[in-house]
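Here is a short guided look at one model, to be read with the structure open beside it. The tour begins at the end of one helix and widens from there.

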Amino acid sequence: MMALPDAAGEALLEVEHLTMRFGGLVAVNELSFVARRREITAIIGPNGAGKTTVFNCLTGFYTPTVGRLALRHPRRTYFLERMDDFRIAQFAGVARTFQNIRLFPRMSVLENLIVAQHNTLMAASLFSVAGLFGLARYRHAERAAIERARYWLEKTGLTPFADDDAGSLPYGLQRRLEIVRAMCIEPVLLCLDEPAAGLNPRESAELNRLLLAIRAEHGIGVLLIEHDMSVVMGISDHIVVLDHGSLIADGTPDEVRSDPKVIRAYLGEEEDELPGDVAADFGRNHGEGQA
Amino acid sequence: MEYFIQQLINGMTLGAIYGLIAIGYTMVYGIIGMINFAHGEVYMIGAFIALIAFILLAKLGLATIPLVLLLVLLVSMGLTAVYGWTVERIAYRPLRGSFRLAPLISAIGMSIALQNYVQVLQGARVKPLQPVIAGGFKLIESSAFTVTLSYLQIVIVVLTLALMAGFSLLIARTPLGRAQRACEQDRVMAALVGVDVDRTISLTFVMGAALAAVAGVMVTLYYGVIDFFIGFLAGIKAFTAAVLGGIGSLPGAMLGGLLIGLVETFWSAYFTIEYKDVAAFAILVLVLIFRPTGLLGRPEVEKV
């Protein structure tokens with residue numbers, strides 16, 4: 001099941017026996033999977049399957065009850081379950097977006113991207129002291145930060161909105177900005193929680209292109225929670241299927257698509273129809289409800 | 001007319017001092033949504049440190065006034081900042097994530113504790129200081145009334161304006177200021193882009209305390225007497241100023257401070273000096289009833 005015929009990169013994230021209990025409720029149960037560099041790994045499953053809980057464990061929001069979350073860097077391995085949330089972003093390089101978009105609404109679009117480069121700038125400015133006096137070292141670092149932000153704005157067509165308040169952007173652009181902001185922390189692992197929710201088919205296709213470009217050009221691993229099966233089947237290299245907190249399937253899109261357990265989880269009983277079509281409809285309705 | 005101008009000058013001086021304290025309230029409220037009721041005491045401690053520093057420097061025989069002033073400011077800001085940091089560390093941080101009322105009660109406790117701490121260490125009697133900066137300009141001289149602008153008033157207003165400008169710049173332009181605004185808008189998300197939220201909150205307390213210390217230095221110079229209880233009234237007035245300007249808003253705190261200073265001074269000048277506090281606090285009541293978001297505050301939007 002774990003064999004990946006077109007494995008593009010070495011293991012990046014190794015989730016081992018992850019269990020998260022809230023009192024008597026087991027949100028995630030003995031989950032193990034591997035996400036690789038240069039791959040898009042989708043985590044799918046019916047509502048309440050524990051997908052977002054996995055993200056919350058990865059980004060330090062929850063401390064897992066049991067389990068190890070090993071993030072492999074070339075030189076060292078970070079164990080995310082033991083790290084503070086901001087250190088996970090700063091040192092381990094895990095970035096995340098949310099199902100209900102969380103931008104800094106009263107900052108400009110550009111500033112949202114610069115705040116994501118906080119630690120680089122903080123170091124360059126000697127805790128802001130140099131920033132206050134406009135020293136050369138800081139100005140240089142700030143220019144580099146703005147350049148990186150501009151690169152991403154250009155790439156996502158957000159350049160005309162650079163000086164607008166992030167909160168005033170239309171929904172689809174806010175989604176894109178959130179992904180791009182996550183990229184500005186220069187992550188090795190990008191965790192996206194339903195990035196296609198609320199997007200129309202055209203925006204959804206643009207999102208696919210952006211994610212494929214990120215994978216191709218930046219060589220990072222992407223973890224993707226998504227209900228929209230056209231996104232999942234279209235761009236994932238590897239799919240992990242959860243149901244009631246447990247792993248029920250793990251493999252390539254084709255393997256998962258035809259897995260009887262997956263079909264049962266989505267439809268409640270065995271049927272010939274592909275789970276993708278049903279779930280795709282579900283994904284869209286769900287998204288409209290949010291927008 | 002001369003009398004009016006004199007009161008305007010006095011009111012602006014007082015307003016500058018309130019504004020500096022109000023910034024501490026408004027920033028802490030902005031970033032963690034609590035009123036730091038111990039902030040008035042932090043200001044009082046700043047005043048005491050200034051007093052001690054003035055006396056020590058005089059004992060050492062230092063007489064160059066600008067140098068003395070600079071040293072006292074630095075010492076007072078530095079040490080008071082340590083107090084601000086400590087208060088946050090021991091009284092508020094352990095309660096973060098607790099129910100909303102807990103840090104508020106802890107703040108009131110901290111305020112009483114600091115008052116008593118200074119009372120025990122320094123005694124309950126008022127402490128006098130010889131005037132350090134004397135003299136001034138006579139702006140208008142007439143037989144009835146002479147309008148004076150003292151050097152001290154100039155120092156207070158200029159220093160306040162400079163600090164406020166520098167501070168606004170820090171919030172708007174530097175990585176730290178950006179991190180503070182990020183924490184204010186979404187603390188969870190700020191952590192996820194790598195901002196050390198705890199440290200940012202600590203630094204906010206440190207900055208607020210340093211500004212309160214400047215206010216403490218100025219009050220010590222301006223009135224020449226301080227005691228362990230000055231923090232209470234000044235603190236509540238600065239809080240009123242912050243609410244009047246719109247709590248959470250930095251320019252609001254400055255504007256609110258100025259207005260409260262002016263109202264208080266003019267009330268004492270034209271009505272009864274005994275009721276000047278009543279005038280200041282009546283404003284608090286009126287603002288809360290008719291414009292709870294304050295003059296420059298932004299209406300509270302329910303978070304999704």
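## The end of a helix

Gly246(B) comes straight after α9(B) and has a positive phi, near 110 degrees. Helices here are DSSP runs of H or I with at least four residues, strands are runs of E with at least two, and both are numbered from the N terminus. This is a predicted model, in which local features need pLDDT of at least 70, side-chain atom pairs count only at pLDDT 80 or more, and totals for chains, interfaces and linings use all residues. Residues are numbered from 1 along each chain as its sequence is written, while chains are lettered from A and ligands numbered from 1 in the order in which they are written.

The helix itself, α9(B), covers residues 230-245. Its 16 residues reach 23 Å from the first C-alpha to the last, close to the expected 22 Å (1.5 Å times one less than the number of residues). Of these 16 residues, 13 are buried, so to speak of α9(B) as mostly covered is fair (buried: 20 or more other C-beta atoms within 10 Å of a residue's own; exposed: 12 or fewer; partly exposed: in between; C-beta atoms are placed from the backbone).

## Two helix crossings in chain B

Follow the chain to α10(B), residues 250-270, and you will find its axis coming within 7 Å of that of α9(B), with a crossing angle of roughly 120 degrees. Axes are lines fitted to C-alpha atoms, for helices over the stretch in contact, and angles run from 0 to 180 degrees between N-to-C directions. The pair is therefore oblique (under 35 degrees is roughly parallel, over 145 roughly antiparallel, 65 to 115 roughly perpendicular, and the rest oblique). The crossing is right-handed (the near helix is turned clockwise from the far one by less than a right angle; anticlockwise would be left-handed). Among the residues making the contact are Ala238(B), Ala241(B) and Gly245(B) of α9(B), with Gly252(B), Gly256(B) and Ile260(B) of α10(B) (contact: C-beta atoms, placed from the backbone, within 7 Å).

A second pair is α2(B), residues 39-59, and α8(B), residues 197-223, whose axes come within 7 Å and cross at roughly 55 degrees. These helices are therefore oblique too, and α2(B) passes α8(B) in a right-handed crossing. The contact includes Tyr43(B), Gly46(B) and Ala50(B) from α2(B), and Ala209(B), Ala212(B) and Gly216(B) from α8(B).

## A residue in each chain

Is Ile201(B), in helix α8 of chain B, buried or exposed? Ile201(B) is buried, because 21 other C-beta atoms lie within 10 Å. Leaving out residues up to four places away in sequence, Ile201(B) touches Ile31(B), Ile32(B), Glu88(B) and Cys183(B). Glu88(B) is 113 residues away along the chain, yet the two C-alpha atoms are 8.5 Å apart.

Over in chain A, Thr19(A) sits in strand β1, residues 11-22. Thr19(A) counts as partly exposed because it has 17 C-beta neighbours inside 10 Å. Its contacts, beyond four places in sequence, include Val28(A), Glu30(A), Pro64(A) and Val66(A).

## Chain B as a whole

Stepping back, chain B holds eleven helices and four strands. Its radius of gyration is 19 Å, close to the 19 Å that the globule rule gives for 304 residues, so chain B is as compact as a globular protein of that length (the radius is taken over C-alpha atoms, and the rule is 2.2 Å times the number of residues to the power 0.38). The C-alpha trace spans about 65 × 50 × 35 Å along its principal axes, and 48% of the 304 residues are buried.

Note on methods: Two residues are in contact if their C-beta atoms, placed from the backbone, lie within 7 Å.
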